[in-house]
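Here is a short briefing on how helices and strands pack in one model. Keep the coordinates open while you read.

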Amino acid sequence: MSSDPSNYRPISLTSVFSKLMKRVVVLDLLAYLQSNNLINKQQHGCLKKRCTATNLLESLNDWTVNIENGRRQPIAYIDFAKAFDSVCHSKLLAKLRQYGVCGSLLEWIGNFLTDRTQQTRVGQSMSKISVIISGVIQGSCLGPVLFLLYVNDLIDVLSDDVIVKMYADDVKLYTNCMLSINDINPQLQSHLDKICRWAHEWQLPISYTKCNVLEIGKPSGAEYKMSSQTIVPVDNVVDLGVTIDNKLKFSDHINRIVCKAHKRANLIIRCFMSRDLSSLVRAFKVYVRPVVEYCSVVWNAHYMKDIVALERVQRRFTKRLPGMKAFTYHQRLVKLRLESLEFRRIRLDLVFAYKVIFNLVDVNRDEFFTVRINNSRRGHRYKLYVPYGKTTARYNYFSYRVSRIWNTLPLDDVDFQSVHRFRNSLTANILVRYCKLNFI
């Protein structure tokens, strides 16, 4: 809740020189850590070539495989309370020393963390000065990297019976598909207990009231606990900004973002004093379109009702613009130089597939695609094997749906030399055949 003061965190305001210095340190530190494989592969936060989309796609790949095999998939979401503010400085420095950070750099980081104070201003009133005794500095590029190293060994205390995915302090764990059905619940519970012991040892408190368990598929009715507190079972959960439901249909997520997008579009129409078309369209692109396109490679709509609902956001907005009411939606798109949202999502799918196939994102390509070894002379030479999915969740998963489009891309019109040239070559003339609404 925005009215709860405990939901707010201090952000440090530092000088430009300090920011430049920390950026140099961060780049060298990350280069050292990644070259020596010291950062766990399951961590996707604040790292190059990793993002929320890579985290969610890897997770969904595992979940849909289990659903395809008729298995239950319980997923536990762990929430740390004020994680960035709770880091113990002495223990953080001890971990840095174990990772090989020593000498002047370790001393510099220690001086950077200690003897800091903070003060809050509301209007012209100032609070008392408080000494910061724990936590990494938020508002600094170095703070997130230090936190990643502080929680990096969390995965090491768990066995291969569970899979952990992390994005900074966001943690979710689920059982390995190799486990027998009878071992799923006991194994997940035992690893929740291990996380509790790790959090207690490293003084990183868990917010038990915000932890959830989502069971994809038929619910088992099993009860999970952490430190004698029951974890709340839910039908859907917001995972890195995307609503995941227990059937992996994403209709709940689409309904949520459509409602949010309509509210923002209405505010633009009502609050902008200017009636200039270019300014209003620019505002739509900046404030509304990112809402309905965030991580679309994860949830891209396949039901017609969801596709229509998403497109209605742009249809209604363009119709309310000055002088646009008399035109059809297609004519408005042409006049305003806009593309349909469905077309943009298909292009985003293909661009992300390009990044996976050509190793521009840090994921295991073989988990998503199988590139054909011997291609025929027809079409381009990067064709993929199109897998078969029995369930709706697997059939509409990213790597399944994008393979069917990828293989039919025309060789003469699509440029594979770079990701930018590839994206620019995906014109409406090429992708219009894949749009169910055909509003280009």
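Helix 2 (residues 52-68) lies across strand 1, strand 6, strand 7 (170-175) and strand 8. Its direction makes an angle of about 15 degrees with strand 7. The model is predicted.

**The sheet**

- Five strands make up an open sheet. Their order is 6-7-1-8-11, and the pairing is mixed.
- Strand 6 (162-167) and strand 11 (232-234) are the edge strands. Each has a single partner strand, so one side of each has no neighbour in the sheet.
- On average, neighbouring strands of this sheet are turned by 25 degrees against each other, direction ignored.

**Strand 1 with strand 8**

- Strand 1 (residues 73-79) and strand 8 (residues 212-216) run antiparallel. Five bridges join them.
- Which residue of strand 8 is the bridge partner of Ile 75? The partner is Leu 214.

**Helix 1 against helix 4**

- Two packed helices are described by the angle between their axes and the distance between the axes.
- For helix 1 (residues 16-35) and helix 4 (residues 103-113), the angle is about 135 degrees and the axes are 13 Å apart. Helix 1 is therefore oblique to helix 4.
- The crossing of helix 1 past helix 4 is left-handed.
- Helix 1 contributes Met 21, Lys 22 and Val 25 to the contact. These meet Leu 105, Trp 108 and Phe 112 of helix 4.
- By class, the contact of helix 1 with helix 4 has five nonpolar residues, one charged residue and no polar ones.

Conventions
Residues numbered from 1 in each chain as written. Predicted model: local features only at pLDDT ≥ 70, side-chain atom pairs only at ≥ 80, totals over all residues. Heavy atoms only, no water. Axes fitted to C-alpha atoms, helices over the stretch in contact; angles between N-to-C directions. Helix = DSSP H or I, 4+ residues; strand = E, 2+ residues; numbered from the N terminus. Parallel < 35°, antiparallel > 145°, perpendicular 65-115°, else oblique. Left-handed = near helix turned anticlockwise from the far one by under 90°. Contact = heavy atoms within 4.5 Å. Nonpolar A, V, L, I, M, F, W, Y, C, P; charged D, E, K, R; others polar. Pairing = 2+ DSSP bridges.
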